[in-house]
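User: I want to go through this structure term by term. For each label, set the value against the rule behind it.

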Amino acid sequence: MAEIVFAPLQMGFSAWRDVARDCLAAGLEPSRVEWGAPQGLFSAFGVPKPEAPAPMPTVPRRFMQVARRVAHHRDDRRASTLYRVLWRLTHGEPRLLESAADPDVVELRTLDAQVRRSAHKTKAFVRFRKVEAEDGEHFVAWIQPDHPVLPLLGEFFAERFSDMRWSILSPDASLHYDGKSWSLGPGRPRSAAPTHDELEALWKTYYRAIFNPARVMVKAMTSEMPKRHWHTLPETSEIPGLLADSARRVDAMLAMPSAPEGPTAHALVSELDDLASLHEALSSCRGCELHEAATAPVPGRGSPHAPIVLVGEQPGDLEDRAGRPFVGPAGRELAQALEAAGLSHDEVYLTNAVKHFSYAPSGKRRLHSKPRATHIRACRPWLLAELERIRPRVVVCLGATAARALLGVEVRVMRDRGTPRACAWAPHALVTVHPAAALRAKDAGRAAELRAALRSDLARARALARGAPEKEVESS
Ligand code: URA
């Protein structure tokens, strides 16, 4: 019988990948690789080192994305599961990940969902406390994630809290940000973090404001906010009082007009969903009244890996019937502008700030009616969830509604167009004119100007996405 080889088991993706690469190069079938230190009577055979570093064979990008997360699962079986799937992908089953019922794929997905959930909770439950250091303010948080996920979240926290210096400590690892870049450090005990400061009052006020007495489900609350995290969350001291008062507040809410009936985007968007599942969940959204008259919500379309996301206003009449964004006259105008800017279809993902068609009936026709702030607000979680899944290099807001949804009410399209800025969902955000503006222009001269503006802004988006100099665009 071929001997068993012991492969070192460490946390993190690159440690696993280096060993897995050597195992593959040595032709070791998964059943011959034992991940961990040799035990009992087994003699210890290490993984043979190839003479030259072995290349990582080509595998689907999705596997690498999942593996980067799963390598941060606390359970030791992460390494063997990843290796089994890697082996099969590179030994005649390149489409294995599409077999949703395959036991290895099921196990991989389960581990991935657990790590993603842990990352989601960590993002939600970090609470900073201010520390006055000699060189100024520093914010420190302590958290105990189910899985050692902090190394996966450096970029996220650096983007989210980019204007302060902070440290996030956990028993497994710590993250530090000095105002410019983030770094990883060793684990720290809870005693290393402060426990009180004036930020606590702010968190409590915030929590009181977002607490929804109509959705009090104590069991769900404790599963969403496990008790283990309570001691680091200042707002948990507010919960008993809020629960006691919830029946009275529900009565008061019922007396108010126009609360949405049915699930809202907030309730339906799940961190665990990929883009396809999000699109499916969208069809149940009742977060505003637009769903009553529209045919169906219109999800975004395009590659989930697109470097550029274009955000329009809302679907029009044809989009509502087709269930796809930008298939009508504005879509044709946009397609021409994309072509003029040298952008291909797989470089862009098209979506809208509002997913249902808002219209006013006029005889047999349905006339576009501008979505209101309540519609934009109700739909915003869908847009943000799309952006969080895609993580594009550039977000382009086509017109005022999209700019408002993502960048705030201060933005003015004609004043701010074409100037890149950073936003929480992409390194670059651009505002430009909506393609329909050229169609509605009062004369041909104005239409040509608006067209030229859209094309040159899209060319800028292309350059930002590719990190290349801008290309001249034709203005007609
Ligand atoms: N206008 C938009 O903003 N979006 C569409 O999908 C179609 C027209």
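**Labels and their rules**

Analyst: The protein chain has an accessible surface of about 24500 Å², and carbon and sulfur atoms account for 54% of that surface. Accessible areas here come from the Shrake-Rupley method with a 1.4 Å probe, and for residues only the protein chains shown count as cover. This is a predicted model: local features need pLDDT of at least 70, side-chain atom pairs count only at pLDDT 80 or more, and totals for chains, interfaces and linings use all residues. Residues are numbered from 1 along each chain as its sequence is written, and side-chain values use heavy atoms, with hydrogens and water left out.

User: What share of the protein chain is buried, and what makes a residue count as buried?

Analyst: Of the 476 residues in the protein chain, 44% are buried. Buried means under 20% relative accessible area, exposed means over 50%, and partly exposed lies in between (1.4 Å probe, protein chains only).

User: How many helices and strands does the protein chain have?

Analyst: There are 18 helices and 15 strands. They are DSSP runs numbered from the N terminus: helices are H or I with at least four residues, strands are E with at least two.

User: How many of the contacts in the protein chain join residues at least 24 apart?

Analyst: Take contacts between residues at least 6 apart in sequence: 71% join residues at least 24 apart. Contact means heavy atoms within 4.5 Å.

User: How many disulfides are there, and why is Cys285 not in one?

Analyst: The count is zero. A disulfide needs a pair of cysteine sulfur atoms within 2.5 Å. For Cys285 the closest cysteine sulfur is in Cys379, at 6.2 Å, so the gap is too far for a bond. Cys285 has 7% relative accessibility and therefore counts as buried.

User: Why is Cys397 not bonded to Cys423?

Analyst: Cys423 holds the closest cysteine sulfur to that of Cys397, but the distance is 7.4 Å, too far for a bond. Cys397 has a relative accessible area of 0%, so Cys397 is buried.

User: How do you know that the span of helix α4 agrees with its number of residues?

Analyst: The expected span is 1.5 Å times one less than the number of residues. Helix α4 covers residues 103-125, which is 23 residues, so the expected span is 33 Å. The end C-alpha atoms are 33 Å apart, which agrees.

User: What caps the N-terminal end of α4, and which of its residues are buried?

Analyst: Asp102 is the cap: one of its side-chain oxygens lies 2.8 Å from the backbone nitrogen of Asp104. The buried residues of α4 include Asp104, Val105, Leu108, Leu111, Asp112 and Val115. An α-helix has 3.6 residues a turn, so residues three or four places apart point the same way.

User: How many aromatic pairs are there, and why is Phe156 with Phe157 called edge-to-face?

Analyst: The count is 10 aromatic pairs. The ring centres of Phe156 and Phe157 are 5.2 Å apart and the planes are at 80°, so this pair is edge-to-face. By the rule, rings of Phe, Tyr and Trp (its six-membered ring) pair if their centres lie within 6.5 Å; planes under 30 degrees apart are stacked, over 60 edge-to-face, and the rest tilted. Both Phe156 and Phe157 are buried. They belong to one aromatic cluster with Phe128, Phe161, Trp166 and Tyr177.

User: What makes Ser174 buried, and what does its side chain reach?

Analyst: Ser174 has a relative accessible area of 1%, so Ser174 is buried. It sits in strand β6 (residues 173-177). Its side chain reaches the backbone oxygen of Pro186 at 2.7 Å. Beyond four places in sequence, Ser174 contacts residues including Leu150, Ile168, Ser183 and Pro186.

User: Why is Arg451 called partly exposed?

Analyst: Its relative accessibility is 24%, so Arg451 counts as partly exposed. Arg451 is in helix α18 (residues 444-466). Leaving aside neighbours within four places, Arg451 is in contact with Glu333, Ala438 and Leu439.

User: Which loops hold Phe326 and Arg391, and are these residues buried or partly exposed?

Analyst: Phe326 lies in the loop between α12 (317-322) and α13 (329-340). At 8% relative accessibility, Phe326 counts as buried. Its phi is positive, about 55°, although Phe326 is not a glycine. Arg391 lies in the loop between α14 (373-390) and β13 (394-398). With a relative accessible area of 36%, Arg391 is partly exposed. Arg391 has a positive phi of about 45° and is not a glycine.

Terms used: Polar contact = N/O pair within 3.5 Å; in protein donor to acceptor, adjacent residues only side chain to side chain.
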